[in-house]
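These exercises ask you to read a structure step by step. Try each task before you turn to its solution.

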Amino acid sequence: MEAVLAAWLAAMLLGAIGLPFAAALFRRFPDAGAGLAVPLGLLAVALPYFLLRAADILPPGRGGYLLAAVLAAAAAAQLAGRLRLHRRELARVGAGAAIAASIFTGAFLASAAFRSYNAEIVGTEQPMDLLFLNAAMVSPDYPPRDPWLAGERVSYYYFGYLQVGVLASIAGVPASTGYNLGLAATFAATAAGLVSLSWALARWALPRRSRRFAAAAPAAALALVLFVGSLSAVFEWAAAHERYNESLYRAFGVENLLPCEPGQSADCYAGPPGQRTSAWYPTEYWFWWRGSRVIPGTITEFPFFSFLLGDLHPHVMALPLMTLAAAFAASLWRARGVLSWRSAARSPWRPAAAAVIFGGLAFQNTWDVVTFSALLGLAAVGRSWREQPLPRALASAAGWLAPAGLLALALYAPWWLTFSSQASGLYAYTGAGTRPAHAFLQFGVPLAFAGIGLLAFAPGFRRLGPAAAVAGWVAVLPFVGWVGLAALRGDLAAAAENRGAAGWVTLAVYGGLTWALAALALALASRRNGAAPAAAFGAAGALLLYGAELFLVRDVFFGSVPRLNTVFKLSYQAWLLLGIAGAVAAAGLLAAAFDAHGAARRSRRIAARAAVPAAAILLAGGLVYPLLAAFNRTEAFSRPTAIDGLAWLQSADPGEYALVRWVEHNVPPGAVLIEATGRRWVVEADGSRRMVDAGVDYTDAGRIASRTGRQVPIGWYFHEIQWRGDSPANRERFLARQDAVDQAYLASTPDAVLAAMRTYGAGYLVVGSVELSRYPGPLPDYDAFLDRVFEAGRYRIYRLPHYEPVSPP
Amino acid sequence: MTTTAASPAAGPRGITVAAAAWTAAAAVYAAMRLLAFVKLPVGGLELWSLSGAWQARVGIDDTRYVPTLYQALTALLLRIDDSETLPRLAALAASLTVPVSLFLLRRRIGEPAAIATLLVLAFDPLQIAFGPAATAAALDLPVIAASLAALAVLGPRPPVVAVAAFLLAAAGPLPLVLLLGAALAHPRVNWREPAAAIAAAAAALGVLAASFGFGAGWQGVTVPPFDLFAAGFDADWSTETARRLVALYAWGPAVLAGGYLAIRAARDRAGLFSDPLDRFAAAWFGLSLAWCVAAGGSRDPLPVLSLTASAAPLAGRGLAWLVESLGSADWRRAGWPLAGALLAAATLLGPLLDWARLGRVGPGSEVVAVVVLAGVIAGGLTLLLRWPATRPVAILPLAAAAAVPWLAGGFAVASGSPNEPLPSPVTTLQASEIRDIVAGPARDPSGIVAIHPSLADALTWPLRGSRGLVAASRIPPNASVVIWEAGGSPPDGFRVFEGRWAVLRERRGPDGGFLDYLRWLANRNTLPVRDLPAAVYIREQP
């Protein structure tokens, strides 16, 4: 509880630091942007920390983080002194801060409580997440060292880990606790940000007389973005209780839930016949995992799934920053005046803020920067277009955006210089298209709600017509691009055939919705209607889904599941944008349906009233997933609770836990250790030893590095390949490291052990549970040539003998 | 209290009350520090700092050398004399400038408040322990006070700003809190003024000088306040944590300062802290408190030092206000409730001290009596608080309750009592004796002295001046003297050098709850001490 309170206080402090920045950037928001204060505060601390650490000005450790917070607080105080807020604005800031703090607190405590039922950092890629968090927190120099590849820097987008490191360090909690509290803070900051943004968008979108309905938008945004899940959960629930209709299940593409036919073993339910659950919710282990794998060959994660699973991945940690970026774009569009080189020179702080936010987005989850920068560009052009012809508006906006882009590159240069992207080009997707049923199950709720915007805000066919003609290109151009790319590779005919009829239907639906929402956004923007940003977000969200059907970014999975990451990352962004758009549309729908004094015409009111129950049913369907999944994940909230992600280890293997904590407290952060590679060896009949399992990824290999941030020669082999490139040189290099480390445990002479240690600058050697299980047979007699510095049962840590002159000879 | 503004024609020249008060307060301030200068053993942060300075002096890289201006000066002074005397003298001299700075600030903060502030600082255990101590942060408070005084008297003139910025950039972490407090309290600094540019340039010069170790060689980019601030979270500069040091020594002035702020806030509702000085002092105090909270679990006394330093001006103003208010209080109405409360408090002490001595709560009848007496005290105070004219009187018993343990702590620390956890851990006489062994005839001059790594840091200062020291986890073949962890048998070829060797002595505060604390207050000679034992082995002569 103390750790939770400390993290909450730290988040409040960060919010206080971010508040003046929020008030400066989002003055037109009803809460003066207070809901976005936490991510802004995190940026205000994390960026100077990163730069000053890279320049070796700030010291490592908790003190460095606190110093960065001190510097950010001083800057925030100076900014607050310069904000000339009227009394009413001050009151708005105060009320906004109170609301934001309440939402953040409620969401943070609820999320931390939920997480406490599954606090263990184990399985999936959670050890990797803990590794990066530890690296960000304890690395003796910056950019941080890669704990799984001694001597090298991290080659990943780790700004999110750095931000969670800010929170954990200010709170004074270890990384294993900070991990869980970081997840809770991410959830809470997203919630507060969504409330702020959707409230503002809804107020802008609704006529003055209907603004009371704007209050529905924050609630809808929270539900649509953070809680709604895959509609497949409805089928899961029915199947668990043995209530299914075979043809319906086949129609919706969830035949994998049907009992296996004789002779069938894959893609069907192979368990015993009868009821599959012992409770009202499905009790099958991790049934909810299937909700993120509905579309074959892809990952279709959504925010609730992310928080349920508990992987502290960049795309999850980026949610608050994505919301902030969307808010920045909307706020930029809403303000007046041409954006140009001159306006940037006149008030440089705004492009500087754009550089910090959007540059940070690249550093936090590189996939996001393209989408949200496009939104920023659109907002800049749209704003200038109100006062200039389009060509001049484009030129003016470019003049404003260029310095922001250059500054973004400069500010995050220490990261760009050490990051090696594994994306290797844009390709036409030539495989099977997504079935409409799968698309509906996965994205039906947010898409439908975003689509409601057409009903709520469409200005009538006469006004929509010209905009539709222009917006048609938004849907047509990507398709033309796809045809061109596919034709270039000579795959066009095969691609058209592979997509299949169902795939073409889905593509048409996505394209049609993109077109319609883009037309709506254009029509509204041309009249400076406040609903335009929401419509644009909806169009962008639909475009992302449409784009992911047409293209893929080539990466290391190209040979096996080519569009896995493309669909995963783009649909995640789409979920957020569609959710925000859908929330504003929901408020608009309610206003159109129930505002007796509203401006809605009778036909629209009737249509809106008809749509309300349909939308409610759809929303209820989407909320089935979180309800069932939450109970399944926590075993009806009966699992033991903890907030330390390593508490499970303390009870499961106290010796190993003590070993980890000893390393944490006694081994210098810059030290290199030798620990098991994770490859499994057996003793042959002749006494020799043979490797029988080389798979180390997703296992407990590299666990000391992950849990302490200390470097080891090699950790998860294939992940390093993913981060640094699948080249023969890298494979050879990593394999050599694995061989050398294995020799440190298999060798019969001290020389081989010492050689392995010296080659990688290792000062320590660990003999814990993994070493004892992976390397059978007698281990070398380390006591003969190393110092035993830790002992707990059979577990040991050895250190190279110490010899250091401490006075003149 | 009269002021110094006496007219020359007012009569025969004499000593004003203010002058007498200044003299007395300054004398007490100086006496307490002189006493500490003579009596305090080298320990805690001072031991760490002296060790670092010594290593810098002999040219050995050591993370304990954080080149603040003072530590660089210490390294220089150790070339003249290898004892702590000269560095301590320098620290003492610097700390004796604080009364002068306060005197110069008296017009800004009010003369009675300035004198009270000096008195608070004079008796404060933390300030006494660190005033004449040769710690890396020894110049922090003197530089803060002098900078404020110079800015108040001379204004932000370029030379003043430049010198202050240079000194603050080359000092320890205490000025950081002050500067942030200034940024919060005065958020409209005009960065385009020449003074700002001069300050930035001078601070950069300070950082540059520190980065070159003030002549000791390139240390990498070094901002001493940053480095010391960060080091405090991981270092063992005190046996007790910051949180416990506050509970043992610093809660008195902190409560007084907090109480004063609360009263000001209650009385100044229309414009909360409209007085810039109050705002600044409140920000400084609040941030020091935040530092104490953030670093509560670390063994770093500097946040507590910052807390009492920042509490002193507020406590001083509070005391001055209290004295003034007591003069106008309705004593006739306050008399009986106050007497009742004090009498009850005095009676209450009896059973409480008895329980503390026994280490357990007494029988039920005593518990009932204590509860009743506590009720009487609470009732008396409630009555006093009820009437506006007697409210200041209610503070009197509370202030006295805060002052007693605080003053006791001040005197105990100043007199170098062996049972104070401040400073701790301290170096021992045996450690100095080991130095004689290392340098004496028992050692083969061609051999080296092997020190176990776990003892090496503790022995840097006691063994200063010795040659051929090596921290080694295995005994090298050319070792002639071995200083090792106690409890083992002598290595082959070595014999035990008889004696009970302890290289460090730790003194922990009372940790058994309130009764234990009370027992320590009543009798300070109750704390357990723990030694870091060592074994000394000498190579046997063939």
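**Exercise 1. Describe the stretch 126–154 of chain B, and set it beside the record.**

Solution. Over residues 126–154 of chain B the chain is 69% helix and 0% strand, with the end C-alpha atoms 30 Å apart; helices (H or I, at least four residues) and strands (E, at least two) are DSSP runs, numbered from the N terminus. This is a predicted model, in which local features need pLDDT of at least 70 and side-chain atom pairs count only at pLDDT 80 or more, while totals for chains, interfaces and linings use all residues. Residues are numbered from 1 along each chain as its sequence is written, and chains are lettered from A and ligands numbered from 1 in the order in which they are written.

Next, turn to the record: an unreviewed UniProt entry annotates residues 126–154 of chain B as "transmembrane region", and gives further stretches this annotation, including 335–355. UniProt positions are given in the numbering used here, feature names are shortened, and annotations may be inferred rather than shown by experiment. Over residues 335–355 of chain B the chain is 100% helix and 0% strand, and the end C-alpha atoms are 30 Å apart.

**Exercise 2. Work out how the chain B fold is divided, and how its domains 1 and 2 meet.**

Solution. Begin with the division of chain B into domain 1 (16–321), domain 2 (328–414) and domain 3 (428–539), where the bounds come from an automatic or database domain assignment. The C-alpha centres of domain 1 and domain 2 of chain B lie 34 Å apart. Their contact takes 15 residues from domain 1 of chain B and 11 residues from domain 2 of chain B, two residues being in contact if their C-beta atoms, placed from the backbone, lie within 7 Å.

On the domain 1 side, the elements that give two or more residues are α1 (17–39), α8 (125–130) and α14 (242–267) of chain B, and α14(B) gives the most, with seven residues. By class, this side of domain 1 of chain B has 12 nonpolar, two polar and one charged residues; Ala, Val, Leu, Ile, Met, Phe, Trp, Tyr, Cys and Pro count as nonpolar, Asp, Glu, Lys and Arg as charged, and the others, Gly among them, as polar.

**Exercise 3. Examine where chain B touches chain A.**

Solution. The contact takes 35 residues from chain B and 30 residues from chain A. On the side of chain B, α13(B) gives the most, with five residues, and the residues of that side divide into 23 nonpolar, seven polar and five charged.

Then look at the strands: three bridges join strand β9 (residues 803–805) of chain A to β3(B), and the two run antiparallel, where strands pair if DSSP finds at least two bridges between them. Within this pairing, A:Pro805 stands opposite B:Val470 in β3(B).

**Exercise 4. Find the surroundings of strand β6 of chain A.**

Solution. Strand β6 (residues 762–767) of chain A is mostly covered, with five of its six residues buried; a residue is buried if 20 or more other C-beta atoms lie within 10 Å of its own, exposed if 12 or fewer, and partly exposed in between, with C-beta atoms placed from the backbone.

Strand β3 (residues 672–674) of chain A runs parallel to β6(A) and is joined to it by three bridges, and in β6(A) the bridge partner of A:Ile674 is A:Leu765. With strand β8 (residues 795–799) of chain A, β6(A) pairs in the antiparallel sense over four bridges, and there A:Val767 has A:Arg796 in β8(A) as its bridge partner.
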